[in-house]
Amino acid sequence: MTNLVPIFQQCILCGHCTTADIALCAQCALELPYPECACKRCGVELGPIPPVHGYCGRCLSEPPSFDHCIAAFRYEFPVRELIAGFKFHAGFAEGRTLARLLAERATQAFETIGKPQRLLPIPLHASRLRERGFNQSIELARVIGQHCGITVDTSYCRRSRATPTQKGLSAEERATNLRNAFTLHGECVGGTLRHVAIVDDVVTTMTTVDTLARVLRHAGVTRIDVLCLARVS
Ligand SMILES: [Zn+2]
Ligand SMILES: [Zn+2]
(Lines give C-alpha, C1' and ligand atoms only; values in the text may rest on other atoms or scores of the structure.)
(Ligands and ions follow the chains in the order given, each with its own letter.)
Protein backbone atom coordinates (compact mmCIF):
# COMPACT_ATOMS: atom_id res chain seq x y z
CA MET A 1 0.00 0.00 0.00
CA THR A 2 1.29 3.45 -0.90
CA ASN A 3 2.04 5.64 2.06
CA LEU A 4 0.18 8.89 1.34
CA VAL A 5 0.93 10.51 4.69
CA PRO A 6 3.35 13.41 4.11
CA ILE A 7 6.55 13.20 6.11
CA PHE A 8 6.95 16.30 8.23
CA GLN A 9 10.23 17.34 9.69
CA GLN A 10 11.42 20.35 11.63
CA CYS A 11 13.43 23.09 9.98
CA ILE A 12 16.91 23.05 11.56
CA LEU A 13 16.91 26.86 11.67
CA CYS A 14 13.45 28.13 12.61
CA GLY A 15 11.89 24.94 13.97
CA HIS A 16 8.80 25.20 11.78
CA CYS A 17 7.40 22.03 10.25
CA THR A 18 8.35 21.47 6.65
CA THR A 19 7.31 18.89 4.09
CA ALA A 20 10.49 19.41 2.08
CA ASP A 21 12.73 16.38 1.76
CA ILE A 22 15.46 18.26 3.62
CA ALA A 23 15.19 19.57 7.18
CA LEU A 24 15.01 23.19 6.09
CA CYS A 25 11.96 25.29 5.22
CA ALA A 26 11.86 27.13 1.89
CA GLN A 27 12.21 30.55 3.53
CA CYS A 28 15.29 29.61 5.59
CA ALA A 29 16.87 27.88 2.55
CA LEU A 30 16.40 31.08 0.56
CA GLU A 31 18.12 33.20 3.19
CA LEU A 32 21.32 31.12 3.47
CA PRO A 33 24.58 32.90 2.49
CA TYR A 34 25.20 31.62 -1.05
CA PRO A 35 28.41 32.71 -2.83
CA GLU A 36 27.84 35.43 -5.40
CA CYS A 37 30.91 35.68 -7.58
CA ALA A 38 33.66 33.20 -6.82
CA CYS A 39 37.10 32.57 -8.38
CA LYS A 40 36.69 30.04 -11.21
CA ARG A 41 39.50 27.97 -9.76
CA CYS A 42 39.71 28.15 -5.95
CA GLY A 43 36.17 29.31 -5.17
CA VAL A 44 37.21 32.32 -3.11
CA GLU A 45 34.80 35.25 -3.35
CA LEU A 46 35.98 37.96 -5.71
CA GLY A 47 34.36 40.97 -4.06
CA PRO A 48 32.02 43.65 -5.38
CA ILE A 49 33.99 44.36 -8.58
CA PRO A 50 35.16 40.96 -9.86
CA PRO A 51 37.86 40.90 -12.59
CA VAL A 52 36.50 39.96 -16.03
CA HIS A 53 38.69 36.84 -16.31
CA GLY A 54 37.05 35.48 -13.15
CA TYR A 55 40.19 34.41 -11.27
CA CYS A 56 41.63 35.67 -7.98
CA GLY A 57 45.14 37.10 -7.89
CA ARG A 58 46.55 34.09 -6.09
CA CYS A 59 45.25 31.62 -8.71
CA LEU A 60 46.74 33.76 -11.48
CA SER A 61 50.20 33.79 -9.91
CA GLU A 62 50.27 30.48 -8.06
CA PRO A 63 47.36 28.20 -9.03
CA PRO A 64 46.50 25.30 -6.71
CA SER A 65 46.92 21.65 -7.80
CA PHE A 66 43.16 21.12 -8.13
CA ASP A 67 41.05 22.38 -11.04
CA HIS A 68 37.95 23.80 -9.44
CA CYS A 69 36.57 24.29 -5.93
CA ILE A 70 32.79 24.23 -5.63
CA ALA A 71 31.49 25.70 -2.39
CA ALA A 72 27.81 25.67 -1.51
CA PHE A 73 27.99 28.60 0.92
CA ARG A 74 29.95 31.50 2.27
CA TYR A 75 31.35 30.74 5.73
CA GLU A 76 28.94 33.00 7.58
CA PHE A 77 25.99 32.87 9.97
CA PRO A 78 24.04 30.58 10.10
CA VAL A 79 26.04 28.13 7.96
CA ARG A 80 29.10 28.48 10.21
CA GLU A 81 27.01 27.55 13.29
CA LEU A 82 25.30 24.65 11.48
CA ILE A 83 28.68 23.22 10.45
CA ALA A 84 29.98 23.55 14.03
CA GLY A 85 26.87 21.73 15.30
CA PHE A 86 27.47 18.97 12.78
CA LYS A 87 31.19 18.55 13.46
CA PHE A 88 31.49 19.11 17.18
CA HIS A 89 28.08 17.99 18.45
CA ALA A 90 27.32 15.19 15.97
CA GLY A 91 24.47 17.20 14.42
CA PHE A 92 23.72 14.78 11.60
CA ALA A 93 20.48 16.53 10.58
CA GLU A 94 22.54 19.69 9.97
CA GLY A 95 25.23 17.71 8.14
CA ARG A 96 22.77 15.88 5.90
CA THR A 97 20.84 19.04 5.06
CA LEU A 98 23.92 21.07 4.13
CA ALA A 99 25.36 18.12 2.18
CA ARG A 100 22.16 17.80 0.20
CA LEU A 101 22.31 21.49 -0.77
CA LEU A 102 25.96 21.04 -1.77
CA ALA A 103 24.92 18.03 -3.88
CA GLU A 104 22.43 20.22 -5.74
CA ARG A 105 25.10 22.87 -6.34
CA ALA A 106 27.54 20.17 -7.51
CA THR A 107 24.96 18.67 -9.90
CA GLN A 108 24.75 22.04 -11.69
CA ALA A 109 28.54 22.30 -11.88
CA PHE A 110 28.91 18.72 -13.21
CA GLU A 111 26.87 19.72 -16.27
CA THR A 112 29.85 21.84 -17.32
CA ILE A 113 32.87 20.09 -15.84
CA GLY A 114 31.61 16.51 -16.11
CA LYS A 115 30.80 14.07 -13.34
CA PRO A 116 33.78 12.75 -11.32
CA GLN A 117 34.35 8.99 -11.22
CA ARG A 118 34.85 8.93 -7.46
CA LEU A 119 34.29 11.11 -4.41
CA LEU A 120 37.29 11.12 -2.10
CA PRO A 121 36.51 12.43 1.41
CA ILE A 122 39.48 14.01 3.19
CA PRO A 123 40.66 11.22 5.49
CA LEU A 124 40.97 11.78 9.23
CA HIS A 125 43.78 10.17 11.14
CA ALA A 126 42.69 7.32 13.42
CA SER A 127 43.32 9.35 16.58
CA ARG A 128 41.12 12.26 15.40
CA LEU A 129 38.47 9.77 14.28
CA ARG A 130 38.42 8.19 17.75
CA GLU A 131 38.07 11.60 19.35
CA ARG A 132 35.18 12.76 17.11
CA GLY A 133 33.54 9.41 16.49
CA PHE A 134 32.97 10.06 12.80
CA ASN A 135 34.65 11.61 9.77
CA GLN A 136 32.55 14.61 8.75
CA SER A 137 33.84 14.50 5.15
CA ILE A 138 32.73 10.87 4.73
CA GLU A 139 29.26 11.73 6.04
CA LEU A 140 29.00 14.60 3.53
CA ALA A 141 30.37 12.50 0.67
CA ARG A 142 27.80 9.75 1.30
CA VAL A 143 24.90 12.19 0.88
CA ILE A 144 26.46 13.73 -2.25
CA GLY A 145 27.31 10.30 -3.68
CA GLN A 146 23.77 9.07 -3.22
CA HIS A 147 22.22 12.21 -4.71
CA CYS A 148 24.60 12.43 -7.69
CA GLY A 149 25.15 8.69 -8.27
CA ILE A 150 28.91 8.71 -7.62
CA THR A 151 30.88 6.07 -5.71
CA VAL A 152 32.42 7.26 -2.45
CA ASP A 153 35.90 5.82 -1.97
CA THR A 154 37.05 5.87 1.65
CA SER A 155 40.06 3.57 1.32
CA TYR A 156 42.07 5.03 -1.57
CA CYS A 157 43.43 8.07 0.28
CA ARG A 158 44.75 7.62 3.80
CA ARG A 159 46.51 9.71 6.36
CA SER A 160 49.98 8.33 6.57
CA ARG A 161 50.72 9.84 9.97
CA ALA A 162 49.01 11.84 12.67
CA THR A 163 49.10 15.53 11.93
CA PRO A 164 48.70 18.00 14.78
CA THR A 165 45.78 20.38 14.41
CA GLN A 166 46.16 22.94 11.64
CA LYS A 167 44.52 25.67 13.69
CA GLY A 168 46.69 28.68 14.42
CA LEU A 169 49.52 27.66 12.11
CA SER A 170 50.96 29.85 9.36
CA ALA A 171 50.58 28.74 5.73
CA GLU A 172 54.19 27.59 5.68
CA GLU A 173 53.81 25.62 8.92
CA ARG A 174 50.63 24.01 7.57
CA ALA A 175 52.44 22.89 4.42
CA THR A 176 55.28 21.36 6.45
CA ASN A 177 52.76 19.77 8.78
CA LEU A 178 50.97 18.10 5.89
CA ARG A 179 53.98 17.03 3.86
CA ASN A 180 53.74 13.30 3.27
CA ALA A 181 50.50 13.25 5.27
CA PHE A 182 48.55 11.44 2.55
CA THR A 183 49.22 8.13 0.82
CA LEU A 184 47.24 6.36 -1.88
CA HIS A 185 46.31 2.69 -1.62
CA GLY A 186 44.75 0.00 -3.73
CA GLU A 187 43.41 -0.53 -7.19
CA CYS A 188 43.26 3.09 -8.29
CA VAL A 189 47.03 3.50 -8.31
CA GLY A 190 48.13 3.04 -11.90
CA GLY A 191 46.11 5.57 -13.79
CA THR A 192 42.56 4.16 -13.95
CA LEU A 193 41.18 7.25 -12.25
CA ARG A 194 41.04 10.34 -14.44
CA HIS A 195 38.53 12.57 -12.69
CA VAL A 196 37.86 12.71 -8.94
CA ALA A 197 36.34 15.17 -6.48
CA ILE A 198 37.80 15.68 -3.02
CA VAL A 199 35.14 16.31 -0.36
CA ASP A 200 35.89 18.54 2.64
CA ASP A 201 33.64 20.39 5.09
CA VAL A 202 35.28 23.82 5.10
CA VAL A 203 38.12 24.99 2.86
CA THR A 204 40.14 27.72 4.55
CA THR A 205 43.71 28.14 3.34
CA MET A 206 43.46 25.32 0.76
CA THR A 207 46.60 23.66 2.18
CA THR A 208 44.90 20.35 3.00
CA VAL A 209 42.97 19.94 -0.27
CA ASP A 210 45.90 21.25 -2.30
CA THR A 211 48.29 18.77 -0.66
CA LEU A 212 45.97 15.84 -1.41
CA ALA A 213 45.38 17.15 -4.94
CA ARG A 214 49.14 17.23 -5.52
CA VAL A 215 49.43 13.57 -4.43
CA LEU A 216 46.53 12.60 -6.72
CA ARG A 217 47.99 14.54 -9.65
CA HIS A 218 51.28 12.74 -9.12
CA ALA A 219 49.39 9.41 -9.31
CA GLY A 220 48.05 10.35 -12.76
CA VAL A 221 44.60 11.82 -11.98
CA THR A 222 44.03 14.46 -14.65
CA ARG A 223 41.02 16.34 -13.30
CA ILE A 224 40.60 17.08 -9.59
CA ASP A 225 37.66 19.08 -8.27
CA VAL A 226 36.93 20.00 -4.67
CA LEU A 227 33.45 19.99 -3.12
CA CYS A 228 33.01 21.79 0.19
CA LEU A 229 30.18 23.19 2.25
CA ALA A 230 31.89 26.54 2.66
CA ARG A 231 34.91 28.38 1.35
CA VAL A 232 36.42 30.87 3.77
CA SER A 233 37.29 34.09 1.96
ZN1 LIG B 1 12.97 27.53 8.59
ZN1 LIG C 1 41.37 31.67 -6.91
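1. A term to begin with. A crossing of two helices is left-handed if the near helix is turned anticlockwise from the far one by less than a right angle, and right-handed if clockwise. In this predicted model, α3 passes α4 in a left-handed crossing. By contrast, the crossing of α4 with α6 is right-handed.

2. The chain overall. The model is predicted, so keep that in mind throughout. The chain has 233 residues, and buried ones make up 33% of them. Its secondary structure comes to eight helices and nine strands. Take the contacts with a separation of 6 or more. Residues 24 or more positions apart account for 71% of these.

3. How α3 meets α4. Two packed helices are described by the angle between their axes and the distance between the axes. For α3 and α4, the axes cross at roughly 125 degrees and come within 7 Å. The two helices are therefore oblique to each other. From α3, the residues in the contact are Leu82, Ile83, Gly85 and Phe86. From α4, they are Glu94, Gly95 and Leu98. By class, this contact has four nonpolar, two polar and one charged residues.

4. How α4 meets α6. Helix α4 spans residues 92-113, and helix α6 spans residues 136-148. They pack at an angle of about 50 degrees, and their axes are 8 Å apart. That makes α4 oblique to α6, because the angle falls outside the parallel, antiparallel and perpendicular ranges. On the α4 side, the contact includes Phe92, Gly95, Leu102 and Phe110. On the α6 side, it includes Gln136, Leu140, Ile144 and Cys148. The residues of this contact divide into 10 nonpolar, four polar and three charged.

5. The nonpolar core. In soluble globular proteins, nonpolar side chains tend to be buried together. The largest nonpolar core here has 53 residues. Which of them touch the most other members? They are Leu102, Ile144, Ile198, Val199 and Val226. Several elements give two or more residues to this core. The helices are α3 (79-88), α4, α6 and α8 (207-218). The strands are β3 (68-74), β4 (118-121), β8 (195-203) and β9 (223-231).

6. A close look at Val199. Leave aside its neighbours within four places in sequence. Val199 is then in contact with Leu119, Leu120, Pro121 and Ile122. Its list also holds Ser137, Leu140, Ala141, Ile144 and Leu227. Ile144 and Leu140 have appeared already, in the contact of α6 with α4.

7. Cys59. This residue sits in helix α2 (residues 57-61). Is Cys59 buried, exposed or partly exposed? It is partly exposed, because 19 other C-beta atoms lie within 10 Å, and a buried residue needs 20 or more. Not counting neighbours within four places in sequence, Cys59 is in contact with Cys39, Arg41 and Cys42. Cys59 and Cys39 are 20 residues apart in sequence. In space they are 8.2 Å apart, C-alpha to C-alpha.

8. Ser155. Where is Ser155 found? It is in the loop between β5 (151-152) and β6 (157-159). Ser155 is exposed, because it has 12 other C-beta atoms within 10 Å, and the cut-off for exposed is 12 or fewer. Ser155 touches His185 and Gly186, leaving out residues up to four places away in sequence. Pro121 is 34 residues from Ser155 along the chain, and their C-alpha atoms are separated by 9.5 Å.

Methods:
Residues are numbered from 1 along each chain as its sequence is written. Chains are lettered from A and ligands numbered from 1 in the order in which they are written. This is a predicted model: local features need pLDDT of at least 70, side-chain atom pairs count only at pLDDT 80 or more; totals for chains, interfaces and linings use all residues. Axes are lines fitted to C-alpha atoms, for helices over the stretch in contact, and angles run from 0 to 180 degrees between N-to-C directions. Helices (H or I, at least four residues) and strands (E, at least two) are DSSP runs, numbered from the N terminus. Angles under 35 degrees count as roughly parallel, over 145 as roughly antiparallel, 65 to 115 as roughly perpendicular and the rest as oblique. Two residues are in contact if their C-beta atoms, placed from the backbone, lie within 7 Å. Ala, Val, Leu, Ile, Met, Phe, Trp, Tyr, Cys and Pro count as nonpolar, Asp, Glu, Lys and Arg as charged, and the others, Gly among them, as polar. A nonpolar core is a set of buried Ala, Val, Leu, Ile, Met, Phe, Trp, Tyr and Cys residues joined through C-beta atoms within 7 Å.
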